[in-house]
Amino acid sequence: MFDELRARPWGERARTELLATGERARRRDPTSLDELTPQELQIGMLLADGHTTREAAAKLFLSPKTVEYHLRNVYRKLGIHSREELARELHD
């Protein structure tokens, strides 16, 4: 619908959100970035760039608790335990 209205940015955002809600856990190498859902990757990148949980939540129109939930999944999937490790993993 957004594409029909020539609202491309909104169409892209809608596609990203739909993918984020429909992803299933895949069994792969847990250190692989491919394991992350689009939502987890987006949250991880914001936090790796130095944003606080509250700032990331506000940017993505989510609650801080939802951001924390996704962050826990990112840590588990990448086998890391801190934001410093997150920044190294996502910026390499």
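A helix here is a DSSP run of H or I at least four residues long, and helices are numbered from the N terminus. The model is a predicted one. Read that way, the protein chain comes out with five helices and zero strands, so its elements run α-α-α-α-α from the N terminus on. Just after helix 4, G79 takes a positive phi of about 70°.

On confidence, the mean pLDDT of the protein chain is 84, with 87% of the residues at 70 or more. The elements do not all score alike: helix 3 (residues 53-60) has the highest mean pLDDT, 97, while helix 1 (residues 8-22) has the lowest, 78. Residues 23-28 are where pLDDT stays under 50, and the model gives this stretch seven contacts beyond four places in sequence.

As for the chain overall, 33% of its 92 residues count as buried. The accessible surface adds up to about 6600 Å², and carbon and sulfur atoms hold 54% of that. If one looks at contacts with a separation of 6 or more, 45% of them are between residues 24 or more positions apart.

Helix 4 is a handy place to start on the packing. It covers residues 64-78, and because 15 residues at 1.5 Å a residue should span 21 Å, the 21 Å between its end C-alpha atoms agrees with expectation. Its buried residues are V67, H70, L71, N73, V74, Y75, K77 and L78, a list that takes in polar and charged side chains such as N73 and K77. These buried residues pack against helix 2 (38-48), helix 3 and helix 5 (83-91).

Next comes the largest nonpolar core. In soluble globular proteins, nonpolar side chains tend to be buried together. Here the core has 17 residues, and the members touching the most other members are L47, V67, L78 and L86. At least two core residues come from each of helix 2, helix 3, helix 4 and helix 5. Helix 4 gives the largest share, five residues.

L86, one of those well-connected core members, is a good one to click on. Setting aside neighbours within four places in sequence, L86 is in contact with G44, L47, A48, L71, V74, Y75, L78 and I80. Among these partners, L47 and L78 also belong to the group that touches the most other core members.

G44 deserves a look of its own. This glycine sits in helix 2, and G44 counts as buried because its relative accessibility is 0%, against a cut-off of under 20%. Apart from neighbours within four places in sequence, G44 is in contact with L86 and L90. Although G44 and Y75 are 31 residues apart along the chain, their C-alpha atoms are separated by 9.2 Å.

Over in helix 3, the residue to pick out is T53. T53 has a relative accessible area of 13% and is therefore buried. Its side chain is joined to that of R83 by a polar contact of 2.7 Å. Not counting residues up to four places away in sequence, T53 touches L47, P64, V67, E68 and R83. Two names there are familiar from the core, since L47 and V67 are among the members that touch the most others.

Notes
Residues are numbered from 1 along each chain as its sequence is written. This is a predicted model: local features need pLDDT of at least 70, side-chain atom pairs count only at pLDDT 80 or more; totals for chains, interfaces and linings use all residues. Side-chain values use heavy atoms; hydrogens and water are left out. Buried means under 20% relative accessible area, exposed over 50%, partly exposed in between (1.4 Å probe, protein chains only). Contact means heavy atoms within 4.5 Å. Accessible areas come from the Shrake-Rupley method with a 1.4 Å probe; for residues, only the protein chains shown count as cover. pLDDT is the predictor's confidence in each residue, from 0 to 100. A polar contact is a pair of N or O atoms within 3.5 Å; within protein, one must be able to donate a hydrogen and the other to accept it, and residues adjacent in sequence count only if both atoms are side-chain atoms. The expected span of a helix is 1.5 Å times one less than its number of residues. A nonpolar core is a set of buried Ala, Val, Leu, Ile, Met, Phe, Trp, Tyr and Cys residues joined through side-chain atoms within 4.5 Å.
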